[in-house]
Amino acid sequence: MTVHSSEKSSRRGARSSTMGRMPLNDMPWWRWRSNVRSALHMISDPVFQQDCWLAARPGYGDVTDAVYRLVEDTWLDNWSAEKYVGTIFRDDAEAVVVDAAVLRVLRVLHDVGADAPVRVYLEHPDWPEAVRAAREAHVMLAGNDEDDVDAPPRSLDVLAIYTRSA
């Protein structure tokens with residue numbers, strides 16, 4: 001299912017330009033971390049996927065939106081999370097688990113296409129491994145931030161409040 005224009009989405013316009021190989025982006029590191037954590041949280045939670053994505057519950061985007069926040073906002077589809085150690089990620093351990101999750105999600109994305117319906121993602125044979133890897137990354141990042149790893153994913157409206165410019 002794709003995000004309808006009336007539904008909130010975390011998708012933004014085209015990528016920013018680059019300086020060298022790093023994107024020029026005015027998004028502070030904590031916003032990137034919040035977006036990555038939100039995407040990992042949603043991808044890692046099969047109950048959420050059934051109750052929100054498959055049910056087309058408003059306010060949570062769709063699987064494509066979560067994938068966008070995970071890989072395109074951060075350019076993790078182009079390079080390793082280790083480039084962000086000390087900014088988005090605390091240490092190499094976080095980068096390793098995020099890279100593992102990204103690679104598994106990208107494997108599914110490349111097979112099904114970016115705007116595939118939710119059900120196509122969830123029925124893909126590699127999706128359970130993407131969910132497992134995302135869960136491992138979510139647990140590490142949320143735990144390091146001292147957040148409840150088992151709380152339900154936040155809506156995109158709540159994410160927007162957390163990532164609003166100060």
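Helices, in the sense used here, are DSSP runs of H or I with at least four residues, numbered from the N terminus. In this predicted model, Ser 155 lies in the loop between two of them, H6 and helix H7 (156–162). Before returning to that loop, it helps to look at the chain as a whole.

The secondary structure of the chain comes to 7 helices and 2 strands. Read from the N terminus on, the elements run β-β-α-α-α-α-α-α-α. The chain has 166 residues, and buried residues make up 46% of them. Among the contacts with a separation of 6 or more, 72% are accounted for by residues 24 or more positions apart.

Helix H4 (92–112) is a good place to begin. Its 21 residues reach 30 Å from the first C-alpha to the last, close to the 30 Å expected at 1.5 Å a residue. At the start of H4, a side-chain oxygen of Asp 91 comes to within 3.2 Å of the backbone nitrogen of Ala 93. Just after the helix, Gly 113 takes a positive phi of about 95°. The buried residues of H4 include Val 97, Val 98, Val 102, Val 105 and Leu 109, and the charged-type names Glu 94 and Asp 99 appear in the list as well. What covers the buried residues of H4 includes H1, H3, H5 and H6.

Helix H6 (residues 127–144) can be checked by the same kind of reasoning. At 1.5 Å a residue, its 18 residues should span 26 Å; the end C-alpha atoms are 25 Å apart, which agrees. Which residues of H6 are buried? They are Trp 127, Ala 130, Val 131, Ala 133, Ala 134, Ala 137, His 138, Leu 141 and Ala 142. Seen down the axis of H6, these buried residues fall within an arc of 165°, so they line one face of the helix. The cover over them includes helix H1 (29–43), helix H2 (46–54), helix H3 (63–72), H4 and helix H5 (118–123). H6 is followed by Glu 146, whose phi is positive, near 60°.

This leads back to the loop after H6 and to Ser 155. Is Ser 155 buried or exposed? The cut-off for a buried residue is under 20% relative accessible area. Ser 155 has 14% relative accessibility, and therefore counts as buried. Leaving aside neighbours within four places in sequence, Ser 155 is in contact with Gly 59 and Tyr 60. Its C-alpha atom is separated by 9.8 Å from that of Met 42, although the two residues are 113 residues apart along the chain.

Tyr 60 also belongs to the aromatic part of the story. The structure holds 5 aromatic pairs. A pair of aromatic rings is described by the distance of the centres and the angle of the planes. For Phe 48 and Trp 53, the ring centres are 5.3 Å apart and the planes stand at 75°, so the pair is edge-to-face. Both Phe 48 and Trp 53 are buried. Ring pairs link these two residues and Tyr 60 into a cluster.

Charged side chains meet rings too. Lys 83 lies over the face of Trp 79, at 5.4 Å from the ring centre. Likewise, the charged end of Arg 154 sits over the ring of Tyr 162, 4.3 Å from its centre.

Terms used. Residues are numbered from 1 along each chain as its sequence is written. This is a predicted model: local features need pLDDT of at least 70, side-chain atom pairs count only at pLDDT 80 or more; totals for chains, interfaces and linings use all residues. Side-chain values use heavy atoms; hydrogens and water are left out. Rings of Phe, Tyr and Trp (its six-membered ring) pair if their centres lie within 6.5 Å; planes under 30 degrees apart count as stacked, over 60 as edge-to-face and the rest as tilted. Buried means under 20% relative accessible area, exposed over 50%, partly exposed in between (1.4 Å probe, protein chains only). A charge sits over a ring if NZ of Lys or CZ of Arg is within 6 Å of the ring centre and within 35 degrees of the ring normal. The expected span of a helix is 1.5 Å times one less than its number of residues. The arc is that of the directions from the helix axis to the C-beta atoms. Contact means heavy atoms within 4.5 Å. A polar contact is a pair of N or O atoms within 3.5 Å; within protein, one must be able to donate a hydrogen and the other to accept it, and residues adjacent in sequence count only if both atoms are side-chain atoms.
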